[in-house]
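Hi everyone, thanks for coming. I'd like to walk you through one structure today, so please have a look at it before I start talking.

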Amino acid sequence: MTKQEFLSMNDHSLLKPNLTKAEIMDGLQYAKENHCASVCINPCNLDMAKEVLEGSDVKIGTVIGFPSGAHTTFTKVAEAKDAYARGAVELDMVIDIGALKNGEYDDVYEDIKAVVDATPGIVKVILETAFLTKEEIVKGCELVEKAGAAFVKTSTGFAPEGATVENIKLMRASVSSKVRVKAAGGIHTRADVEALVAAGADRVGVSRTKAIAAEF
C-alpha cells in the first residue's frame with residue numbers, strides 16, 4: 001500500500017467533541033490537500049466543511065444517531081435529511097444496539113431502512129462491534145444488507161474496542177460484494193491499516209491520519 005492509496009480510502013475523522021474550530025479547520029485543510037476519501041465531521045460543523053471543501057474531491061461525511069445509536073428513528077431521519085441538505089453525502093449511522101441484542105430484528109431493520117431511504121446519500125451503518133457477540137455481528141451485517149445500506153462499519157471510536165482483523169473478516173464474510181466494509185476505531189499505525197485492509201476493509205476511518213501517513 002502506498003501513502004496515497006491509504007489516504008484515498010481514508011475517512012479523515014474529526015469527531016472528538018473537544019476539537020476547537022482551529023483544529024477542525026486544520027483537519028479539513030489537511031484532508032483537502034492530501035485527497036482523503038472524505039472527512040467525517042460532527043453535524044454542527046458541516047457548514048465549515050462545506051466552505052473549506054467546496055470544489056475539492058473530498059466528500060463530506062457526518063454521523064447520525066451518534067455515538068450511542070439510542071436515538072429514535074424519527075430523530076435519525078431528521079438528522080440525515082438535515083445533514084444531506086447541508087452538504088453531507090456520506091452518513092455514518094449507529095444502529096439501535098440494544099434492539100439488536102434484544103433480538104428485535106424488525107426494529108433494527110426498519111431503523112436502518114428509514115435512514116437509507118431518507119436521502120440519496122451513502123449510508124454506512126455502525127454496528128459497534130465491541131458490544132456484540134459474533135452471532136450478533138453476523139445478524140447485524142445481514143440486516144444492513146437487507147436494508148440497502150452501502151457499508152457496514154465496525155465502530156464509533158467511542159467504545160472500549162475498535163476495529164479488529166477478526167471482526168473485519170467476519171463482517172466481510174457476512175455480506176455480499178454489493179456491501180462494502182469500513183474499519184474504524186483504534187487504528188493507530190500503518191500496520192493496523194494494512195492488516196485491516198488485507199482482512200477485507202474497503203474504507204478506514206482514522207483520526208490519526210497525519211501520524212499514519214508519516215509512516216509511509
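Let me begin with a small puzzle: in β7, which residue is the bridge partner of F151? The partner is R180. Before going further, a word on what we're looking at. This is a predicted model, so to speak of a local feature I need a pLDDT of at least 70, and side-chain atom pairs count only at pLDDT 80 or more, while totals for chains, interfaces and linings use all residues. Residues are numbered from 1 along each chain as its sequence is written, and side-chain values use heavy atoms, with hydrogens and water left out.

When I say helix or strand, I mean a DSSP run, H or I over at least four residues for helices and E over at least two for strands, numbered from the N terminus. Two strands pair if DSSP finds at least two bridges between them.

Back to F151, then. Strand β6, residues 151-153, is joined to β7 by three bridges, and the two run parallel. That's one piece of a bigger arrangement: a closed barrel of eight strands, in the order β1-β2-β3-β4-β5-β6-β7-β8, with parallel pairing. On average, neighbouring strands of this sheet are turned by 25 degrees against each other, direction ignored. Angles here run from 0 to 180 degrees between N-to-C directions, and the axes are lines fitted to C-alpha atoms, for helices over the stretch in contact. On the sheet packs α4, touching β3 and β4, where contact means heavy atoms within 4.5 Å. The direction of α4 makes about 165 degrees with that of β3.

Now let's look at β1, residues 10-14. Is this strand enclosed or open? Five of its five residues are buried, so β1 is largely enclosed by the rest of the structure. Buried means under 20% relative accessible area, exposed means over 50%, and partly exposed is in between, with a 1.4 Å probe and protein chains only. In a regular strand, side chains alternate between the two faces of the sheet. In β1 both faces are covered, with N10, H12 and L14 buried on one side and D11 and S13 buried on the other. As for its partners, β1 pairs with β8 in the parallel sense over three bridges, and D11 has G205 as its bridge partner there. With β2, the parallel pairing runs over four bridges, and L14 has I41 as its partner.

Further round, β5 is also largely enclosed by the rest of the structure, because four of its five residues are buried. β4 and β5 pair in the parallel sense over five bridges, with E90 opposite I122. β5 and β6 pair in the parallel sense over three bridges, and here K124 stands opposite our old friend F151.

Next, the pocket. What is the volume of the largest pocket? About 550 Å³. The search uses a 1 Å grid over the protein atoms alone, and a pocket is an open set of points where a 1.4 Å probe fits, with protein on both sides within 12 Å along at least five of seven lines; lining residues have an atom within 4 Å of a point. Grid points are joined across faces, edges and corners, and the volume is the space filled by probe spheres set on the points. This pocket is lined by 28 residues, and S13, K16, V206, S207 and R208 lie nearest its centre. β1 gives the largest share of the lining, four residues. The lining divides into nine nonpolar, 11 polar and eight charged residues. Here Ala, Val, Leu, Ile, Met, Phe, Trp, Tyr, Cys and Pro count as nonpolar, Asp, Glu, Lys and Arg as charged, and the others, Gly among them, as polar.

Last, some backbone oddities. Most residues other than glycine have a negative phi, and most peptide bonds are trans. H35, in the loop between α2 and β2, has a positive phi near 55 degrees and is partly exposed at 39% relative accessibility. E128, in the loop between β5 and α7, also has a positive phi, about 60 degrees, but E128 is buried at 2%. And a cis peptide bond joins F66 and P67, with omega about -5 degrees; P67 lies in the loop between β3 and α4. That's my tour, thanks!
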